[in-house]
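Work through the exercises below with the model open. Each task is followed by its solution.

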Amino acid sequence: MKRLLTIIIALLVWTASLSAQDGLNCFGILAGKNATVDGSVLLAHNEDDTGEQMLNIYNVPRNDAAGTNKYLWIEFPGMEVADGFLNEYGVAVASDACNSREDREDLTDGGVLYEIRTLVGQKARSARHAVELIGKLVEERGYRGSGRTYIVADPDEGWVCAIVKGRHWVAQRVPDDKVMAIPNYYCIGEVDLSDTANFMGSPDIITYAVERGWYNPETDGKFLFKKAYSRPSTYSSKMNYIRHMSALNYLTGETYTTNPDTYPFAVTPNRKVGLRDMMEILRSHGENIDVKMDIEEGEQHPWCICRNSTVNSTIFQLRSYLPVEIGALMWTTGAAPCAEVYIPWYSGMTKSPAGFQRFATADEAIEKHMSDAKDKRVKYPDGVAWKFVDKWNWIHENYTERIKGVRKANNKFQEKLFKNQSKFEKSLKNKSGNELQDELNRYTADIYQEYFKLF
């Protein structure tokens, strides 16, 4: 009986995670190194999920016996498509749900979903390598969700890898001088698999679309992956194109239409972009567009890229001209970015600040990620996640008025972090090994101690 109950709970958790991943949630931005103010590759992402989520961040050590990398792991217990990773090679991964029109199931051993991003964190040594690993896994076992785009980056380049239910996939490299934004539909258009420097994917990605009646070469013109494989209702969703418009307008200064057919895969920004630009976009409530999102009656929080269901926002800053322990870091929030400060975590860290780990070891967290996802607030009352959740709930009670003071304090604190970054990193110039790790651990822990005093 006990075993049956465990199986039922696991199935409920799995079903809930599938429901979340098939919805219209999350948003990503990927900027090439020649498009940014500091020469970094920037991967920015809002994680949107329903229900009360518990943010944990683990420093997972390298396991030479298992052949796995050291990595930072943004974990949401019980969720298959919410976690983010940054490993010791500076490889980062996040993802957005992208519903496909595929209605055939082609899976081996239940297919894959959560395994994809963990594989990237544990095994990838570059963004290109990550795409190769993802493609191989999808081809071997099949993808059990409707569809998803994985956004992967390293200090040199960024890729987006679009997965379709079953065993079809395609990936495209983001040009170094461009920025791409992605809501919850596929954004890859034309595909040229002969251009191996910029594309990877299933060899039959076009012929399969023809076979299924999703693409007719005689009447449809050039093959566009996003038109052929997207679920039509998802591709035409107001929630998607409004968010996409907002980001493109911010990046280019131009005014885009409501027709996603006109949106390019990536754009040339009208200036070099940096952390502040990524934060502004991820905090967007649609201030820069005329078309507005439909929101629930009585809702005070404006909906656009930043939503009331945004549980975490992260910007991976990946710089090739510094040692990876310092050059690769993630700036992350504990709740919706409009109400939070982005705080830095360096890839060379080895210890999370107190309260960010519900288990003493990462091994236990990995083992129980899916099985121990109920009653989290009751079981783990000391988690710092509840500080963020409670703060957000308090703001949301009277968002219009309370957000004003919060933003004023947050902006001041955020600017202080920007100002301190260069000075802190220069102080690490002659440090290595345990000394460097201790400095990185202490820096982030001290920031949180100071930040929590603002609550």
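**Exercise 1.** Determine how many residues of strand β9 (residues 169-174) are buried, and sort its side chains by direction.

*Solution.* The model is predicted. Start with burial: 6 of the 6 residues in β9 are buried, so by the cut-off of under 20% relative accessible area the strand is mostly covered. Next, recall the rule: in a regular strand, side chains alternate between the two faces of the sheet. Now sort. W169, A171 and R173 point one way, while V170, Q172 and V174 point the other way. Residues of both sets are buried.

**Exercise 2.** Find the strands that pair with β9, and give the sense of each pairing.

*Solution.* Take strand β8 (residues 158-166) to begin with. It pairs with β9 in the antiparallel sense over 6 bridges. One contact sets the register: G158 has V174 of β9 as its bridge partner. The link from β8 to β9 is a hairpin of 2 residues. Then take strand β11 (residues 199-201). It runs antiparallel to β9, joined by 3 bridges. Here V170 stands opposite G201 of β11.

**Exercise 3.** Classify the ring pair F225 and Y229.

*Solution.* The whole structure holds 27 aromatic pairs. For F225 and Y229, the ring centres are 4.9 Å apart and the planes meet at 25°, so the pair is stacked. Both residues lie in helix α5 (residues 225-229), 4 residues apart, about one turn of the helix. Both F225 and Y229 are buried.

**Exercise 4.** Which ring lies under K387, and to which cluster does that ring belong?

*Solution.* K387 lies over the face of F452, 5.2 Å from the ring centre. F452 belongs to an aromatic cluster with W345, F356, F388, F413, Y448, Y451 and F455.

Notes:
Residues are numbered from 1 along each chain as its sequence is written. This is a predicted model: local features need pLDDT of at least 70, side-chain atom pairs count only at pLDDT 80 or more; totals for chains, interfaces and linings use all residues. Side-chain values use heavy atoms; hydrogens and water are left out. Buried means under 20% relative accessible area, exposed over 50%, partly exposed in between (1.4 Å probe, protein chains only). Two strands pair if DSSP finds at least two bridges between them. Rings of Phe, Tyr and Trp (its six-membered ring) pair if their centres lie within 6.5 Å; planes under 30 degrees apart count as stacked, over 60 as edge-to-face and the rest as tilted. A charge sits over a ring if NZ of Lys or CZ of Arg is within 6 Å of the ring centre and within 35 degrees of the ring normal.
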